[in-house]
Amino acid sequence: MKHHTREQLQVFAQVEPDYRPQALSRQERLARWAELLDQSHNRHLATLYETEHQPTALRNTLRSDGSPISVAFDDPMLRAAGMKDDTYGEALRFFGLRHWQLHDVICYCHFGATVNAETAATLVRSIMSGERSGLMARLRALFFG
């Protein structure tokens with residue numbers, strides 16, 4: 001086996017920073033998620049179809065490439081903190097959410113096929129602040145950012 005320094009590896013490979021497993025509080029995990037969503041604020045992210053009508057076992061396995069949850073899972077820091085995949089059930093567990101909270105951020109019934117990343121970030125922040133999300137929170141997010 002041949003060993004290379006990190007600098008040598010960067011010539012032919014993308015080297016990610018070394019994230020050791022770290023404990024993040026629920027607030028820190030949510031804040032990081034909102035920050036990641038803000039980084040691509042104009043991006044349209046995939047929603048999940050009718051999460052409120054799916055049986056729990058099926059709902060927990062729902063996922064979509066390019067969803068707000070996959071934005072979180074793509075982050076090495078959140079994976080190092082224990083995020084295992086980009087499913088609906090894992091987002092509930094990892095972020096310590098209730099079904100209605102995640103539903104308000106990601107469900108098709110609120111936004112159609114896509115949700116603006118900036119809107120999703122605003123909704124995640126409303127969860128952090130304890131503000132009940134819903135129609136009024138979504139309207140504020142759409143009009144006031």
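This tour proceeds through a predicted model, one selection at a time.

**First selection: helices α7 and α9.** Select residues 99-106 for α7 and residues 117-129 for α9. The two helices pack at an angle of about 160°, and their axes lie 9 Å apart. Because an angle over 145 degrees counts as roughly antiparallel, α7 is roughly antiparallel to α9. The crossing of this pair is right-handed.

Display the side chains at the contact next. From α7, the residues involved are Gln-101, Asp-104 and Val-105; from α9, they are Ala-120, Leu-123, Val-124 and Ile-127. By character, the residues of this contact comprise 5 nonpolar, 1 polar and 1 charged.

**Second selection: α7 alone.** How many of the residues of α7 are buried? The count is 6 of its 8 residues, and the helix is accordingly described as mostly covered. The buried residues are Gln-101, Leu-102, His-103, Asp-104, Val-105 and Ile-106. Gln-101, Asp-104 and Val-105 thus appear among the buried residues of α7 and also in the contact with α9.

**Third selection: the largest nonpolar core.** This core has 30 residues. Select Trp-33, Leu-37, Ile-69, Leu-78, Phe-95, Leu-97 and Leu-102, which have the most contacts inside the core. Colour the helices α2 (26-39), α4 (68-73), α6 (88-95), α7 and α9; each supplies at least two residues of the core. Which helix provides the largest share? That helix is α9, with 6 residues.

Centre the view on Leu-102. Apart from neighbours within four places in sequence, Leu-102 is in contact with Trp-33, Ile-69, Tyr-88, Ala-91, Leu-92 and Leu-97.

**Fourth selection: Arg-43.** Move to the loop between α2 and β1 (44-46), where Arg-43 is found. Arg-43 is partly exposed, with a relative accessible area of 40%. When residues up to four places away in sequence are not counted, Arg-43 touches Gly-66, Val-71, Val-115, Asn-116 and Ala-117. Add Glu-118 to the selection: Arg-43 and Glu-118 are 75 residues apart in sequence, yet their C-alpha atoms are 8.0 Å apart in space.

**Final selection: Glu-50.** Where does Glu-50 lie? Glu-50 is in the loop between β1 and α3 (56-59). Its relative accessible area is 27%, so Glu-50 is partly exposed. Inspect the backbone here: the phi of Glu-50 is near 45°, a positive value in a residue other than glycine. Most residues other than glycine have a negative phi.

Definitions and conventions: Residues are numbered from 1 along each chain as its sequence is written. This is a predicted model: local features need pLDDT of at least 70, side-chain atom pairs count only at pLDDT 80 or more; totals for chains, interfaces and linings use all residues. Side-chain values use heavy atoms; hydrogens and water are left out. Axes are lines fitted to C-alpha atoms, for helices over the stretch in contact, and angles run from 0 to 180 degrees between N-to-C directions. Helices (H or I, at least four residues) and strands (E, at least two) are DSSP runs, numbered from the N terminus. Angles under 35 degrees count as roughly parallel, over 145 as roughly antiparallel, 65 to 115 as roughly perpendicular and the rest as oblique. A crossing is left-handed if the near helix is turned anticlockwise from the far one by less than a right angle, and right-handed if clockwise. Contact means heavy atoms within 4.5 Å. Ala, Val, Leu, Ile, Met, Phe, Trp, Tyr, Cys and Pro count as nonpolar, Asp, Glu, Lys and Arg as charged, and the others, Gly among them, as polar. A nonpolar core is a set of buried Ala, Val, Leu, Ile, Met, Phe, Trp, Tyr and Cys residues joined through side-chain atoms within 4.5 Å. Buried means under 20% relative accessible area, exposed over 50%, partly exposed in between (1.4 Å probe, protein chains only).
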